[in-house]
Amino acid sequence: MSKKEHVSETPATAFLKQHRVGYTEHIYAYEEHGGTAVSARELGVPEHCVVKTLVMEDEARRAFIVLMHGDRKVSTKNLARQIGVKKVEPCTPEAASRHSGYLVGGTSPFGTKKKLPVYVEKSVLELDKIYINGGRRGYLVGIDPAELARVLDLSVVEAALAD
């Protein structure tokens with residue numbers, strides 16, 4: 001991204017600034033249903049370092065966020081067991097937007113409309129840098145994963161499945 005190119009503020013970037021989190025901005029051409037494979041390719045970074053923000057819910061329809069490597073899936077069975085619920089499944093796009101305040105494809109764990117519990121895959125925290133949605137489709141922010149634990153109410157889980 002050129003120095004001149006700058007994205008207007010989103011609730012996510014406002015949250016990052018408020019909490020003094022240093023980040024880099026990465027804009028790419030968003031592709032419907034392209035997912036992290038597209039953003040990783042466009043940014044020239046390993047998909048493992050691109051972190052998906054997934055809005056999921058338990059059997060009582062309580063919503064929460066899962067942060068997962070782009071090249072991994074969430075084992076809903078393992079996750080449910082680790083967080084002490086019967087069942088975990090992705091929210092509908094409408095419910096995800098209602099809970100997060102973001103459009104699906106532009107969901108960020110930062111600055112969500114409702115404060116949601118956040119679960120992070122343990123190995124995400126071991127990376128040097130992660131690329132995570134900045135609150136808009138086609139817009140990722142690069143941050144030190146240690147910042148996640150500092151600014152979010154984070155619980156660590158191990159629920160990754162190879163994609």
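Is Cys91 buried or exposed? Cys91 is buried, with a relative accessible area of 10%. The legends below describe a predicted model.

**Figure 1. The whole chain of the predicted model.**
The protein chain contains five helices and ten strands. Its C-alpha atoms fill a box of roughly 50 × 30 × 30 Å along the principal axes. A compact globule of 163 residues would have a radius of gyration near 15 Å, and the value for this chain, 15 Å, agrees with that. Of the 163 residues, 48% count as buried. Among contacts between residues at least 6 apart in sequence, 63% join residues at least 24 apart.

**Figure 2. Cys49 and Cys91, two buried cysteines.**
Cys49 has a relative accessibility of 15%, and the value for Cys91 is 10%. Both count as buried because the cut-off is under 20% relative accessible area. The structure holds zero disulfides.

**Figure 3. Helix α1 and the elements it packs against.**
Helix α1 spans residues 11-18, and its buried residues are Ala12, Thr13, Phe15 and Leu16. These residues lie on the same side of α1, because they cover an arc of only 155° around the axis. The buried residues of α1 pack against strand β7 (130-136), strand β8 and helix α5 (146-151). After α1 comes Arg20, which has a positive phi, near 55°.

**Figure 4. The largest nonpolar core, with Phe110.**
This core has 37 residues. Those with the most contacts inside it are Leu67, Phe110, Ile132, Ile143, Leu148 and Leu152. Strand β8 (residues 139-143) gives the most to this core, with four residues. Leaving aside residues up to four places away in sequence, Phe110 touches Pro11, Ala12, Phe15, Leu16, Tyr102, Ile132, Ile143, Leu148, Val151 and Leu152. Among these neighbours, Ala12, Phe15 and Leu16 are buried residues of helix α1.

**Figure 5. A second, separate nonpolar core.**
This core has 13 residues. Its members include Met56, Leu79, Ala80 and Val88.

**Figure 6. Thr53 in strand β2.**
Thr53 is buried, with a relative accessible area of 12%. Its side chain reaches the backbone oxygen of Thr107 at 3.5 Å. Not counting residues up to four places away in sequence, Thr53 touches Ile65, Val66, Leu67, Thr107, Ser108, Pro109 and Ile132. Two of these neighbours, Leu67 and Ile132, are listed among the residues with the most contacts inside the largest nonpolar core.

**Figure 7. Helix α4 against strands β2 and β3.**
Helix α4 runs over residues 93-100, and Ala95, Ala96, His99 and Ser100 are buried in it. They cover an arc of only 115° around the axis, so they sit on the same side of α4. The buried residues of α4 pack against β2 (50-58) and β3 (63-69). Strand β2 is also where Thr53 lies. Just after α4, Gly101 takes a positive phi of about 85°.

How values were computed
Residues numbered from 1 in each chain as written. Predicted model: local features only at pLDDT ≥ 70, side-chain atom pairs only at ≥ 80, totals over all residues. Heavy atoms only, no water. Buried < 20%, exposed > 50% of the residue type's maximum accessible area, 1.4 Å probe, protein only. Helix = DSSP H or I, 4+ residues; strand = E, 2+ residues; numbered from the N terminus. Arc of directions from axis to C-beta. Contact = heavy atoms within 4.5 Å. Disulfide = S-S within 2.5 Å. Core = buried A, V, L, I, M, F, W, Y, C linked by side-chain atoms within 4.5 Å. Polar contact = N/O pair within 3.5 Å; in protein donor to acceptor, adjacent residues only side chain to side chain. Rg over C-alpha atoms; globule rule 2.2 N^0.38 Å.
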